[in-house]
Amino acid sequence: MTKLGAQPFMISALGFDMPGNLLFEHWKSAGLRTEGIRKHKDIKTPTVCHILDVTGEVAAGVASVEAVEMFLTPEWIQRFKHTIHSAPLLMIDANLSPPALEVSCRLAAESNVPVWFEPVSIAKSKRIAPIVKYITFASPNEDELIAMANALSSQNLFRPIERNNCSTDTLFQMLKPAIWLLLEKGVKILVLTIGSDGVLLCTKGESISWRICLEKTQQHGFSRQLFENMTSSCPSNLYSDSKVLERSPNFLAVHFPALPASVVRLTGAGDCLVGGMIASLSTGLDVMQSVAIGIAAAKASVEVDSNVPSQFSLPTITGDARIVYSTAKLLQHQSKL
């Protein structure tokens, strides 16, 4: 987000161990505001270790993130009430404890701040159930979608999808009942990642031209140029005849294809997609434009050996986003399933 010109405020927990000290200095040098970072001698800095296969995919992983639940308490989060109230958007991830998720959402709701729920894993994605009414955006993959739908239905109604090289249209039809359930339960905009096939953007009663209110948008340097380039080259009325009116029962789904990439490794792609989208939304771009930027950022991430590229090229990001935006395909727009 910082490399795309945004100025995020991070609320997290780090120890005084070597990983914690390195991360803290790295975040400060990257321009992150760190007042929300809780540092404590008893914190073991959260760590994730991945084993990659020859294609760059994650073959196995081990995570130690207990400190997030133990130290990011509702009381700590309450300290940053005013920061949350003034934010263009609040992103929460499912590593937070259920009480911390609840208080975060309530603080955002007090000032009508949209909330983005990042599921993290199949097991933790189920933590959406008690807070779903607050969620504007959710960004699961296929397996997390199924887990979330089962948690919200209180029954195991949905089974993991066997793709078997099916088309995107067929995959969408198989996932549609779970997608619809999340939208019915309260999620406003679903950003469903489908691996190398790209992203499915699904809404019920929200316009695909949804954007953050003007007075809360933030534009600085790179992000201002990003905004200007995207608004001039990717008009926000791509599907103007298919906009979903607020509070209508309409269901709309758009497929954004992934971009061809010279893959080095795939870790970081999902985070760069989400970070790219949130950074774009924070500048005032609409959802469609922001998905395109997110996919362009994800492409940049898989083509380097680090989780996040050392820098983003404005012409490359906007050029790739323009390709994604122009090839987006309307899958469905109807009043009911």
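Where does UniProt place the feature "domain: Carbohydrate kinase PfkB"? The record, an unreviewed entry, assigns this domain to residues 3-211 and 254-304. The structure discussed here is a predicted model, and the report below follows the annotated spans, one strand pairing, and three helix packings.

**The annotated spans**

In residues 3-211, helix accounts for 37% and strand for 20%, and the end C-alpha atoms of this span are 21 Å apart. Residues 254-304 are 61% helix and 6% strand, with 28 Å between the end C-alpha atoms.

**Strands 1 and 2**

Strand 1, formed by residues 12-15, pairs with strand 2, formed by residues 37-40. The pairing is parallel and comprises 4 bridges. The route from strand 1 to strand 2 leads through helix 1 (residues 18-30), giving a β-α-β crossover that is right-handed. Within this pairing, Ala 13 has Arg 38 of strand 2 as its bridge partner.

**Helix packing**

The table sets out the three helix pairs.

| Helix pair | Angle | Axis separation | Crossing |
|---|---|---|---|
| Helix 7 (residues 142-153) and helix 8 (residues 168-185) | about 45 degrees | 9 Å | left-handed |
| Helix 11 (residues 287-302) and helix 12 (residues 314-327) | about 120 degrees | 8 Å | right-handed |
| Helix 9 (residues 222-233) and helix 12 | roughly 35 degrees | within 10 Å | right-handed |

Helix 7 and helix 8 pack at an angle of about 45 degrees, and helix 7 is therefore oblique to helix 8. On the helix 7 side, the contact is made by Glu 142, Leu 145, Ile 146, Met 148, Ala 149, Leu 152 and Ser 153. Helix 8 contributes Leu 171, Leu 175, Ala 178, Ile 179, Leu 181, Leu 182 and Lys 185.

The loop between helix 7 and helix 8 contains Ile 161. Beyond its neighbours within four places in sequence, Ile 161 contacts Leu 171, Met 174 and Leu 175. Leu 171 and Leu 175 also belong to the helix 8 side of the contact with helix 7. Although Ile 161 and Met 174 are 13 residues apart along the chain, their C-alpha atoms are separated by 7.4 Å.

Helix 12 takes part in two of the tabulated packings, with helix 11 and with helix 9. For helix 11 and helix 12 the angle is about 120 degrees, so helix 11 is oblique to helix 12. Here Met 288, Gln 289, Ala 292, Ile 293, Ile 295, Ala 296, Ala 297 and Lys 299 of helix 11 meet Ile 317, Asp 320, Ala 321, Val 324 and Tyr 325 of helix 12.

From helix 9, the residues Phe 222, Gln 225, Leu 226, Asn 229, Met 230 and Ser 233 meet Leu 314, Ile 317, Thr 318, Ala 321 and Arg 322 of helix 12. Ile 317 and Ala 321 thus appear in the contacts of helix 12 with both helix 11 and helix 9.

Note on methods
Residues are numbered from 1 along each chain as its sequence is written. This is a predicted model: local features need pLDDT of at least 70, side-chain atom pairs count only at pLDDT 80 or more; totals for chains, interfaces and linings use all residues. Side-chain values use heavy atoms; hydrogens and water are left out. Two strands pair if DSSP finds at least two bridges between them. A crossover is right-handed if, with the strands pointing away from the viewer, the path from the first strand over the helix to the second runs clockwise. UniProt positions are given in the numbering used here, feature names are shortened, and annotations may be inferred rather than shown by experiment. Axes are lines fitted to C-alpha atoms, for helices over the stretch in contact, and angles run from 0 to 180 degrees between N-to-C directions. Angles under 35 degrees count as roughly parallel, over 145 as roughly antiparallel, 65 to 115 as roughly perpendicular and the rest as oblique. A crossing is left-handed if the near helix is turned anticlockwise from the far one by less than a right angle, and right-handed if clockwise. Contact means heavy atoms within 4.5 Å.
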